[in-house]
Amino acid sequence: MNDEQRALLAQQVETGPIPAAHGVVRWRLVDLAQWIWDEFGLSITRFTLGRELRDMGYRKLTARPRHHGQKPDDIADFKKRLQPAWQKSGRPSPEVRL
């Protein structure tokens with residue numbers, strides 16, 4: 001890929017796909033490889049495309065999965081609360097003999 005093609009690829013990644021036009025809601029390497037084929041007539045593997053994008057400064061980010069019925073308040077209810085590392089117990093400490 002030349003610099004002009006990389007610039008167009010970066011623009012395409014930044015703007016994101018148009019679901020009606022591209023048929024996807026987020027870019028995958030396979031989809032971008034198909035876009036490159038349609039746009040420039042270049043055949044590129046997803047591995048090579050991944051290296052190109054990394055060299056351009058992009059990283060693959062994925063959102064943490066979330067159940068569709070999850071309520072925001074439920075997260076606080078099930079979150080573990082840390083106990084203080086040291087706390088005084090109710091019983092007397094044993095005598096220390098020297």
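1. A residue is called buried here when its relative accessible area is under 20%. That is the cut-off to keep in hand for Asp31: its relative accessible area is 13%, so Asp31 counts as buried. One caveat before going on: this is a predicted model.

2. Staying with Asp31 for a moment, the residue sits in helix 3, which runs over residues 29-40. What does Asp31 touch once its neighbours within four places in sequence are left aside? The contacts are Val24 and Arg26. So we have a charged residue that is buried at 13%, and I'd look at that spot in the viewer.

3. Now the overall layout. The protein has five helices and zero strands, and along the sequence the pattern reads α-α-α-α-α. Of the 98 residues, 18% are buried. As for contacts between residues at least 6 apart in sequence, 42% of them join residues at least 24 apart.

4. How many aromatic pairs turn up in a search of the whole structure? Just one. The pair is Trp35 with Phe40: the ring centres are 5.6 Å apart and the planes stand at 85 degrees, so this one is edge-to-face. The cut-off behind that label is an angle over 60 degrees. The two partners fall into separate burial classes: Trp35 has a relative accessible area of 12% and is buried, while Phe40, at 23%, counts as partly exposed.

5. Glu52 is another one to click on. Its place is in helix 4, residues 46-55. Is Glu52 buried or exposed? With a relative accessible area of 17%, which is under the 20% limit, Glu52 is buried. Its side chain also has a partner: a polar contact of 2.9 Å links it to the side chain of Arg6.

6. Phe47 belongs to helix 4 as well, but its surroundings read the other way. At 54% relative accessible area Phe47 is exposed, the threshold for that being over 50%. For a spacing to check on screen, take Phe47 and Ala33: they are 14 residues apart along the chain, and their C-alpha atoms are separated by 9.9 Å.

7. On to the loop between helix 1 (3-15) and helix 2 (19-22), where Gly16 lies. Gly16 is buried, its relative accessible area being 17%. Which distance separates Gly16 from Trp27 in space? C-alpha to C-alpha it is 6.9 Å, with the two positions 11 residues apart in sequence numbering.

8. Then the pocket. The largest one has a volume of about 590 Å³. Its lining is made by 16 residues, and the closest to the centre are Trp27, Leu29, Arg59, Lys60 and Leu61. Helix 3 and helix 4 are the elements that give two or more residues to this lining. Which of the elements gives the largest share? Helix 4 does, with four residues.

9. A last point on the character of that lining. The residues of the largest pocket split into eight nonpolar, two polar and six charged. Two of the names above recur here: Trp27, the partner in the Gly16 spacing, is among the residues closest to the pocket centre, and helix 4, the home of Glu52 and Phe47, gives the lining its largest share.

Technical notes
Residues numbered from 1 in each chain as written. Predicted model: local features only at pLDDT ≥ 70, side-chain atom pairs only at ≥ 80, totals over all residues. Heavy atoms only, no water. Buried < 20%, exposed > 50% of the residue type's maximum accessible area, 1.4 Å probe, protein only. Contact = heavy atoms within 4.5 Å. Phe/Tyr/Trp six-rings, centres within 6.5 Å; stacked < 30°, edge-to-face > 60°. Polar contact = N/O pair within 3.5 Å; in protein donor to acceptor, adjacent residues only side chain to side chain. 1 Å grid on protein atoms, 1.4 Å probe; cavity = no way out; pocket = protein on both sides within 12 Å on 5 of 7 lines; lining within 4 Å. Points joined across faces, edges and corners; volume = space filled by probe spheres on them.
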